[in-house]
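Let's walk through this model with a handful of questions and short answers. Have the sequence and the 3D view open as you go.

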Amino acid sequence: MAGHVFMIRQESAPPAPPWWFLSLVFLGAAYVATVTLRLLAYLAFSLHRQPKDLRSRYGAWAVITGPTSGMGRAMALELARRGLNLVLVGRDPANLEEISNTVRSLHGVETKTVVFDLSLVATPHGDEPLRQLRETVEGLDVGVLMNNAGVGEPAMAYLHEADVEAWVRMMRVNLWAVTEVTAAVLPGMVERGRGAVVNIGSASSQAIPSFPLCTIYSATKRHAPFFVATRMVENLAEARRLSPFTVTPGAYARAAVGWIGRGGPLCTPNVRHRLLWCAAAAAPDSVLDWFLLRSHLEQRTTLSQQIRASGAPAPS
């Protein structure tokens, strides 16, 4: 009987991955899990929130700045639809009268108007309209303040290319006016023990690492909606490229007003904006910087061509 020789070959186990690789895998998984959980929690919260009676919870009146067009107009109509009387603060008397008449005819609420050019805040010409605002809200049960007004120009420009006063006007409207108007309205809220202050800003100061050629704007707009289809963003290159994430003023107003009294102090109430925020958070800062700088340089070229075509001097 022939003998058989069996050979047993032992194979060594594959080497364990290095510690740094395991660390990267763990950090990546933790980051993805965190973003996913935040998104799911936000979606669940959005889908289950119920309409809130703002009038009974906060007060019968709302003050809104910049209510005559775009997002401010949509906010005014949405607040009125929910039964709030409105104090409308803006710089153009005719436009204020138009939105005031529209609100009253559509929703049957009371309105008051204050003509106030917010770019004059902290100047002698701003003292009188600020006094009128204080007198208007005195004795009113103001429950909601909507600091909506904002200035986006100069845009797509280097600092030295615009007049310094233009940058100062932007800071007055986007920063100082928010402080002054809030200071005028807040004492009554404190006295009554209730109220909501809503500041509308820009995601350029929160969700992305930088906003090239618009840095003063982003620095003055800390709070965070993304792209809303208003005149301020209608020619913005990245708004066109990200058009599926651009919402109408009415859609944003419904989401924002519906969020009052719910969630934390900083929110992105629209679902599409929240998805865009998650995408921005997942992208490397270098990619976002490249994309935004490229878009803004493209927009800068377009603006320069339009200025030259109009016969005005173009930025150097």
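Q: Which residue in E4 does Ala-62 stand opposite?
A: This is a predicted model, so keep that in mind for every value here. E1 covers residues 61-65 and E4 covers residues 142-147, and the two run parallel, joined by four bridges. A further pairing along these strands puts Val-63 with its bridge partner Leu-145. For Ala-62, the residue standing opposite in E4 is Val-144.

Q: And on the E5 side, which residue does Val-144 stand opposite?
A: E4 is also joined to E5, again by four bridges and again with the strands running parallel. Follow Val-144 across to E5 and you land on Ala-196.

Q: What is the order of the strands in the open sheet?
A: The sheet has five strands, and their pairing is parallel. Its edge strands are E3 (111-115) and E5 (196-199), each of which pairs on one side only. Neighbouring strands are turned against each other by 15° on average, ignoring direction. Reading across, the order is E3-E2-E1-E4-E5.

Q: How many of the residues of E4 are buried?
A: E4 has bridges to E1 and to E5. Helix H6 (residues 164-192) also lies across E4, along with E1 and E5. E4 is largely enclosed by the rest of the structure, because its buried residues number six of six.

Q: Is Val-197 buried, partly exposed or exposed?
A: Val-197 is found in E5, which is an edge strand of the sheet. Its contacts, leaving out residues up to four places away in sequence, are Leu-145, Asn-147, Thr-182, Leu-186 and Met-189. The relative accessible area of Val-197 is 37%, and buried would need under 20% while exposed would need over 50%. That makes Val-197 partly exposed.

Q: What is the C-alpha to C-alpha distance between Val-197 and Val-63?
A: In sequence, these two residues are 134 residues apart. Val-63 has its bridge partner, Leu-145, in E4, and Leu-145 is among the residues that Val-197 touches. In space, C-alpha to C-alpha, Val-197 and Val-63 are apart by 9.6 Å.

Q: Which strands does helix H5 touch as it packs on the sheet?
A: H5 takes in residues 124-137, and its direction makes about 165° with that of E3. H6 packs here too, running at about 165° to E4. The strands that H5 touches are E1, E2 (85-90), E3 and E4.

Q: Are H5 and H6 roughly parallel or roughly antiparallel to each other?
A: Their axes are 9 Å apart, and the packing angle is about 30°. An angle under 35 degrees counts as roughly parallel. H5 and H6 are therefore roughly parallel.

Q: How many nonpolar residues are there in the contact of H5 with H6?
A: H5 passes H6 in a right-handed crossing. From H5, the contact uses Leu-130, Leu-133, Arg-134 and Val-137, and from H6 it uses Glu-180, Val-181, Ala-184 and Val-185. The contact includes two charged residues and no polar ones, and the nonpolar residues number six.

Q: Are H3 and H9 roughly parallel or oblique to each other?
A: H3 spans residues 70-81 and H9 spans residues 249-259, with their axes 8 Å apart. The angle between them is about 50°, and roughly parallel would need an angle under 35 degrees. H3 and H9 are therefore oblique.

Q: Does the crossing of H3 past H9 come out left-handed or right-handed, and which residues meet there?
A: On the H3 side you'll find Gly-70, Met-71, Ala-74, Met-75, Glu-78 and Leu-79, and they meet Pro-249, Gly-250, Tyr-252, Ala-253, Arg-254, Ala-256 and Val-257 of H9. That contact divides into nine nonpolar, two polar and two charged residues. The crossing itself is right-handed.

Q: How many of the 11 residues of H9 are buried?
A: The buried residues in H9 include Tyr-252, Ala-253, Ala-256 and Val-257, and these four also take part in the contact with H3. After H9 comes Gly-261, with a positive phi near 85°. H9 is largely enclosed by the rest of the structure, because its buried residues number nine.

Key: Residues are numbered from 1 along each chain as its sequence is written. This is a predicted model: local features need pLDDT of at least 70, side-chain atom pairs count only at pLDDT 80 or more; totals for chains, interfaces and linings use all residues. Side-chain values use heavy atoms; hydrogens and water are left out. Axes are lines fitted to C-alpha atoms, for helices over the stretch in contact, and angles run from 0 to 180 degrees between N-to-C directions. Angles under 35 degrees count as roughly parallel, over 145 as roughly antiparallel, 65 to 115 as roughly perpendicular and the rest as oblique. A crossing is left-handed if the near helix is turned anticlockwise from the far one by less than a right angle, and right-handed if clockwise. Contact means heavy atoms within 4.5 Å. Ala, Val, Leu, Ile, Met, Phe, Trp, Tyr, Cys and Pro count as nonpolar, Asp, Glu, Lys and Arg as charged, and the others, Gly among them, as polar. Two strands pair if DSSP finds at least two bridges between them. Buried means under 20% relative accessible area, exposed over 50%, partly exposed in between (1.4 Å probe, protein chains only).
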